[in-house]
Amino acid sequence: MTATRRAFIFDMDGTIVDNMSFHTESWIAFFQRRGKDIDADEFFRATAGRQGKEIIRSHMGEHLNDDEVRVLNDEKELVYRELYEPHRKTVMGFDVLIALAKEMNVALAVATAAPNANITFTLDGLDLRRHFDTVVGAADVARGKPHPDVFLLAAERCGVAPEHCIVFEDAPLGVEAARRAGMRAVVLTTTLPAEAFAEFDNVIHIASDFSELTIDALFSS
Ligand SMILES: O=P(O)(O)OC[C@H]1O[C@@H](O)[C@H](O)[C@@H](O)[C@@H]1O
């Protein structure tokens with residue numbers, strides 16, 4: 001009998017790397033330049049996991065065409081990468097967890113709202129891409145989280161059914177996207193406290209980093 005294939009699907013920003021404060025800082029600078037003040041906490045809860053183009057349209061107007069949105073988003077992401085680069089590193093326990101998962105034949109995927117330039121910056125900058133069976137980003141799907149598209153595409157590319165996938169997330173919109181995809185989620189409290197996830201019935205574990213997680217325990221939750 002062959003064992004059921006299982007997968008870990010990792011959100012990238014705020015999960016593999018603890019960088020969301022740098023995203024927020026770059027959005028604040030971006031909007032300040034245009035005379036708009038934003039509240040950091042409220043902004044994170046409402047936007048983390050959405051694609052940059054969706055965030056720009058919802059704050060600056062649906063009338064913007066694709067080229068205008070791309071230029072604006074590139075400006076924001078460039079600032080983010082400059083700010084975060086000196087701090088770029090994985091969250092504690094991540095490298096050990098994925099090495100163990102590989103040994104146990106668990107498929108590994110990344111599912112992120114980030115554009116390709118940020119995926120390259122993080123996954124290639126930290127030499128992580130080679131560990132993953134697939135990487136799904138903003139360029140691969142039309143809609144960001146809370147839509148389930150990135151997670152469903154990652155699962156499909158891994159050849160694993162949603163009920164055998166565990167998503168790792170730091171943002172409420174990401175956990176909601178996992179819920180809509182029919183997937184369980186492990187929450188990393190890199191950015192928000194555990195209470196922010198109280199409403200979700202698909203959350204099986206909440207942790208401050210990856211070091212306390214046990215693969216068998218997660219799949220049997
Ligand atoms: O899906 P992930 O990896 O958490 O990425 C989310 C982020 O992607 C970024 O590209 C956006 O600029 C952020 O504002 C957004 O929150």
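**Figure 1. Helix α1 meets helix α2 in this predicted model.** On the α1 side, the contact residues are M20, T24, W27 and I28. On the α2 side, they are A40, F43 and F44. By class, this contact has 6 nonpolar residues, 1 polar residue and no charged ones. Helix α1 covers residues 20-32, and helix α2 covers residues 40-47. Their axes lie 10 Å apart and make an angle of about 110°. Angles of 65 to 115 degrees count as roughly perpendicular. The pair α1 and α2 is therefore roughly perpendicular.

**Figure 2. The whole chain, for orientation.** The chain holds 9 helices and 6 strands. Along the principal axes, its C-alpha trace spans about 60 × 35 × 30 Å. The chain has 221 residues, and a compact globule of that length would have a radius of gyration near 17 Å. The chain's own value is 17 Å, which agrees.

**Figure 3. Two domains and the contact that joins them.** Domain 1 is made of residues 7-18 + 89-219. Domain 2 is residues 20-86. Their C-alpha centres are 22 Å apart. Domain 1 brings 19 residues to the contact, and domain 2 brings 13 residues. On the domain 1 side, α6 (116-124) and α8 (172-180) each supply at least two residues. Helix α8 gives the most to this side, with 4 residues. Sorted by class, the side of domain 1 that touches domain 2 has 10 nonpolar, 6 polar and 3 charged residues.

**Figure 4. The ligand and its shell.** How many residues surround the ligand? The shell has 16 residues. M12, D13, A48, T112 and A113 are the closest. By class, the shell has 7 nonpolar, 7 polar and 2 charged residues. Why does the ligand lie between domain 1 and domain 2? Both domains give residues to the shell, so the ligand lies between them.

**Figure 5. A cis peptide bond at P146.** Most peptide bonds are trans. The bond that joins K145 and P146 is cis. Its omega is about 20°. Where is P146 found? P146 sits in the loop between β3 and α7. Strand β3 covers residues 134-136, and helix α7 covers residues 149-158.

**Figure 6. A positive phi at N105.** Most residues other than glycine have a negative phi. N105 is not a glycine, yet its phi is positive, at about 65°. The loop that holds N105 runs between α5 and β2. Helix α5 covers residues 94-103, and strand β2 covers residues 107-111.

Technical notes. Residues are numbered from 1 along each chain as its sequence is written. This is a predicted model: local features need pLDDT of at least 70, side-chain atom pairs count only at pLDDT 80 or more; totals for chains, interfaces and linings use all residues. A residue is near a molecule or strand if its C-beta atom, placed from the backbone, lies within 6 Å of it. Ala, Val, Leu, Ile, Met, Phe, Trp, Tyr, Cys and Pro count as nonpolar, Asp, Glu, Lys and Arg as charged, and the others, Gly among them, as polar. Domain bounds come from an automatic or database domain assignment. Two residues are in contact if their C-beta atoms, placed from the backbone, lie within 7 Å. Axes are lines fitted to C-alpha atoms, for helices over the stretch in contact, and angles run from 0 to 180 degrees between N-to-C directions. Angles under 35 degrees count as roughly parallel, over 145 as roughly antiparallel, 65 to 115 as roughly perpendicular and the rest as oblique. The radius of gyration is taken over C-alpha atoms; the globule rule is 2.2 Å times the number of residues to the power 0.38.
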